[in-house]
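Trainee: Please give me a close look at one part of this model, namely the enclosed spaces inside it and what surrounds them.

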Amino acid sequence: MSTEGPTAGDGPTSSHRFLYLLQTEKCIPSNLRTNEALGNGNLDFDVLVLSFKHPCDDHALSHVQYISGASTTWTTGRNLLFETAMKWNTTYLYYIFMDDDVMLEDSEDRTVSPWRKFEAFLLSVEPAIAATDLQSQDLLGRLRRTHKAKGCARREDAAYIGTLWYDAIFNAFHAKAVKHLLPYISTFDQQTWWASQMGLIVRSEILFRGQIAFLTKIHPRSGQSRPYPRNLNFTPDMYRQFTSGLDAHFGPKCRTTCAQAMIDQWIAFGTNHGWDSVSLCLPPPPAHDPVEPCLYQCDLLK
């Protein structure tokens, strides 16, 4: 893999609280250059872009930093972004990973930028992880149908709910959580790029169950996907890889018996466990809870 990126200490010294991270062919695309999205350098965010085909020669946006990553996959590209950001002098409150074709939409209020509304939500609640509904996949609909079937207490009009499932297209990770969850597992990239996100979902449930917020009113809209290897046939050996080494991230709240129970369920039942997990019935993350592994690890486990 040919890569080029900043070394430790490089990057901006910034007071901003949000860092958006994305990969694209060359320069940050036009859909993200608007003031509503990521084009305004006077707001509370910086942007880190991995150019995977050609170096970007347009540096008009001073809050946008570029690195090169030839021959990266989706997974290894995100990992290079993560590793670069961790070497910078600035520690952001949230690291927001996204695909380059994303446009955010608000299904209720079109007078406020959904980007700024998402950032305001992060500050008002401070979950470990925050994600949004990709409407084309109807993940929110499936979650609500599952809640109803399981008898979970849920408000249909809630601005956010708890989840363990979330699509990779647009995710925010708190600084105290991201170091426990990333880098992504790239072992299975030749078989399917979906494995890296599945591994992240598994690790998120075990380490941060009850601390994942799923926004119901803000939706990413994406363009046409580029070709990549994909399939959903995740084997028990994959789940063993997904959960390997998690004990190194256990903090004082973690209980080995509870963690092992979840690990065993994932290995034995795979995605079926994910749709039957009691984690789906946990309430949404309370505002300003401490962000630490295993805060609610044993809740509802029997």
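**Two cavities and helix H5**

Mentor: The lining of the largest cavity consists of six nonpolar, two polar and two charged residues (nonpolar: Ala, Val, Leu, Ile, Met, Phe, Trp, Tyr, Cys and Pro; charged: Asp, Glu, Lys and Arg; polar: the others, Gly among them). This is a predicted model, in which local features need pLDDT of at least 70 and side-chain atom pairs pLDDT 80 or more, while totals for chains, interfaces and linings use all residues. Residues are numbered from 1 along each chain, and side-chain values use heavy atoms, without hydrogens or water.

A cavity is a set of points on a 1 Å grid where a 1.4 Å probe fits but cannot get out, with lining residues having an atom within 4 Å of a point. There are two cavities of 30 Å³ or more. The largest holds about 40 Å³ of space, and its lining is formed by Glu126, Pro127, Ala128, Gly210, Gln211, Pro285, Pro286, Asp289, Pro290 and Val291.

The second largest cavity, also listed at about 40 Å³, is bordered by Leu181, Leu182, Pro183, Tyr184, Ile185, Ser196, Gly199, Leu200 and Arg203. By class, these comprise six nonpolar, two polar and one charged residues. Helix H5 supplies the largest share of this lining, four residues (a helix is a DSSP run of at least four residues).

Helix H5, residues 194–208, also gives the most to the largest nonpolar core, with eight residues. That core has 59 residues, and those with the most contacts inside it include Trp165, Met198, Phe242 and Trp266 (buried residues, under 20% relative accessible area, joined through side-chain atoms within 4.5 Å). Beyond its neighbours within four places in sequence, methionine 198 touches Trp165, Phe234, Tyr239, Phe242, Trp266 and Thr271, contact being heavy atoms within 4.5 Å.

How values were computed. Buried < 20%, exposed > 50% of the residue type's maximum accessible area, 1.4 Å probe, protein only. Helix = DSSP H or I, 4+ residues; strand = E, 2+ residues; numbered from the N terminus. 1 Å grid on protein atoms, 1.4 Å probe; cavity = no way out; pocket = protein on both sides within 12 Å on 5 of 7 lines; lining within 4 Å. Points joined across faces, edges and corners; volume = space filled by probe spheres on them.
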